[in-house]
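Here is a brief report on a structure, to be read with the model in view. The sequence and coordinates come first.

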Number of protein chains: 2
Amino acid sequence: MPVTMREVALAANVSIQTVSNVVNERPIVADDTRLRVLSTMQRLGYQPNALAQSLRANRAQTIGLVFARSERRTFVRKPYLNELLSGFADATRDTDYSLLMHSGADDDPAPTIRQLYQRRRIDAVILVGVLQADPVIQQVVASAVPTVVIDLPVQGDDVAGVRADYRAGAAAAVRYLIERGHTAIGYLGGTLDVYSGLERRLGYWETMTAHGLRSVEVSGGWSREDGCLGMMHLLEQHPNLTAVFAAADPMAVGALEAARAAGRHVPDDLAVVGFNDLELAALVTPALTTVHVPVYELGIRAAELLLDRLSTGHFTDTDIILPTHLVIRRSA
Amino acid sequence: MPVTMREVALAANVSIQTVSNVVNERPIVADDTRLRVLSTMQRLGYQPNALAQSLRANRAQTIGLVFARSERRTFVRKPYLNELLSGFADATRDTDYSLLMHSGADDDPAPTIRQLYQRRRIDAVILVGVLQADPVIQQVVASAVPTVVIDLPVQGDDVAGVRADYRAGAAAAVRYLIERGHTAIGYLGGTLDVYSGLERRLGYWETMTAHGLRSVEVSGGWSREDGCLGMMHLLEQHPNLTAVFAAADPMAVGALEAARAAGRHVPDDLAVVGFNDLELAALVTPALTTVHVPVYELGIRAAELLLDRLSTGHFTDTDIILPTHLVIRRSA
DNA sequence: CTGAAAGCGCTAACAA
DNA sequence: TTGTTAGCGCTTTCAG
């Protein structure tokens, strides 16, 4: 049923090799021959068999998208991922690489990656959702599969990281609050196993310290509920707080609720700043002042970096850091 | 560098064929031979080359994920997609099929699909984001590529649809409002080119008509802004409305804003119901009463249906319709 | 139950 | 410039 090179060759009265040369645009084919072959291909609806090409070249022309164990379940549902995928997709659009989303039976991504690679299904990997201390990273580095890790500083011949400047973003948020006259600024932190979370916390702490202010932190999860509970806790323990910086937008939304429940008016009685600039941030009332993270660009850069590595054989950059910026809305 | 069957055969002192038989778990190999081969494979770290297997079998073991032209740009960013992808991923997890997200250079998905298929990169397609009257569907049907289309009723030997019962969902929402005593219920519709949008509108209209009530509709886009503008318009033209049913959650959020701006208190002065039950719905104030759509299950069922078609050669079902249900929160 | 040979569709080498 | 030969790694005949 499918048309092969042999059939094109037969129909065009040339050898298979000549067809191959035409397909691969090798400039050693006579013009009239080339045109004849091209029109025959067209006529027969010939498409080269990518499987055969890949087997021959020993390249799958495919980049694997892998989600780390720690977040496999929930990560795929985060809005963050949409932007990231858009970036990957757009960056690979005009290349002849495809994106493979393999959700292996295995719960540990390292063996999955190694297997996909050894089985020649993928040439490289973009790894998403890895926690700070995850041993996966060591294994991935050891496996020598060209890899770009999102939101983690890693370096090596085969591994590079792409992330945003979370620390500077947090610092900018806190500086803004300080400039607006706030001195009692609390921090609603998430868990401490996420690299970007640690950086945000550090940005808060450094800026507070640099201005001689005392840090007041509470940690928990990343959800709205966590933000609500944390905020209640903060308001109770430190009623003099005039501002709160939340490590994530949903937490900030929770903080908004807790503040309302406590009879505090935002932003007048209490300023609230979030982080990430999710779509949600602009939709709540009052609209959230928050730190914008260029997630889509992160995706673009990650894919571009990997494509470059695949064509040149080495990483031109091993630690890309994109800038963040504060988006001022109504909540602070 | 990579270990091949030949090397395993050599090391285990058997023929290549025997190794193949062991790999494919054919029960015609003597036990001791099989064990010897298995341990050799283990020792050498052998992994079969999927490319060679696929070339041989003429199957890519891959399902393509394709986004329709009309939404290519924006669709990928919708939260809807996350759930869907989770479903696809979970449903394929324990199979030996992978998911390919090819974002072809081409802006029209039909040629992209045909090409991927003819080039043997994919065995089947899940098509997302097709508009009601999109000619893509005809082409896909004609191309004979096994395909599942999300949110569109299509049938054929090679095409099946998977969708939710949007009409019943809308009807349930309107019935709920009527039961609560509302009779002047407006409809904030989105664009009329989306199948699920038409169904929602129909559900609204049918239910209103069945109760002898007059439909009041306004159409526009699907965004919060559109909802806000539409709501302002409705309140102006029909100040006696006591309830509004929005075709999508973001629109409902916009309606909430417009109502607030107009000095109407939700839900007391005005009831608002949304559609989709996005995460956002639970986060806004007041929390949205909305129609839940089982998007994750849609993804699961779509992938399962396609996998079944791939193994049996025919669709066991060509039009799967999952139920929706009303989630009652605060806004109505 | 095991082994040898052929070929999936393509491309890299060489020869004509 | 074009055609021939060999082989990528695997599986499917068919003899042994």
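The report below covers the basis of the model, the helix pair and the two DNA strands.

## Basis

This is a predicted model, in which local features need pLDDT of at least 70, side-chain atom pairs count only at pLDDT 80 or more, and totals for chains, interfaces and linings use all residues. Residues are numbered from 1 along each chain as its sequence is written, chains are lettered from A and ligands numbered from 1 in the order in which they are written, and side-chain values use heavy atoms, with hydrogens and water left out.

## The α4 pair

Helix α4 (residues 50–57) of chain A meets helix α4 (residues 50–57) of chain B. Helices here are DSSP runs (H or I, at least four residues), numbered from the N terminus. The two axes come within 9 Å and cross at roughly 145°. Axes are lines fitted to C-alpha atoms over the stretch in contact, and angles run from 0 to 180 degrees between N-to-C directions. The crossing of α4(A) past α4(B) is left-handed (the near helix is turned anticlockwise from the far one by less than a right angle).

L51(A), A52(A), S54(A) and L55(A) contact L51(B), A52(B), S54(B) and L55(B) (heavy atoms within 4.5 Å). By class, this contact has six nonpolar, two polar and no charged residues. Ala, Val, Leu, Ile, Met, Phe, Trp, Tyr, Cys and Pro count as nonpolar, Asp, Glu, Lys and Arg as charged, and the others, Gly among them, as polar.

## DNA strand D

Around DNA strand D there are 23 residues (near means a heavy atom within 4 Å). T33(A), M5(B), Q17(B), Y46(B) and R56(B) come nearest. Of the strand D atoms within 4 Å of the protein, 65% belong to sugar or phosphate and the rest to bases.

Polar contacts are pairs of N or O atoms within 3.5 Å. The side chain of R56(B) places a polar atom 2.3 Å from a base oxygen of strand D. For R56(A), a polar side-chain atom lies 3.3 Å from a base nitrogen of strand D. M5(B) uses a backbone N or O atom, 2.6 Å from a phosphate oxygen.

## DNA strand C

DNA strand C is also surrounded by 23 residues. The closest are M5(A), Y46(A), R56(A), S15(B) and T33(B). Sugar or phosphate accounts for 67% of the strand C atoms within 4 Å of the protein, bases for the rest.

Phosphate oxygens of strand C have partners in both chains. A polar side-chain atom of Y46(A) lies 2.5 Å from one. For T33(B), the distance is 2.7 Å, again from a polar side-chain atom. A side-chain N or O atom of R26(A) is 3.3 Å from a phosphate oxygen.

Notes
Helix = DSSP H or I, 4+ residues; strand = E, 2+ residues; numbered from the N terminus. Polar contact = N/O pair within 3.5 Å; in protein donor to acceptor, adjacent residues only side chain to side chain.
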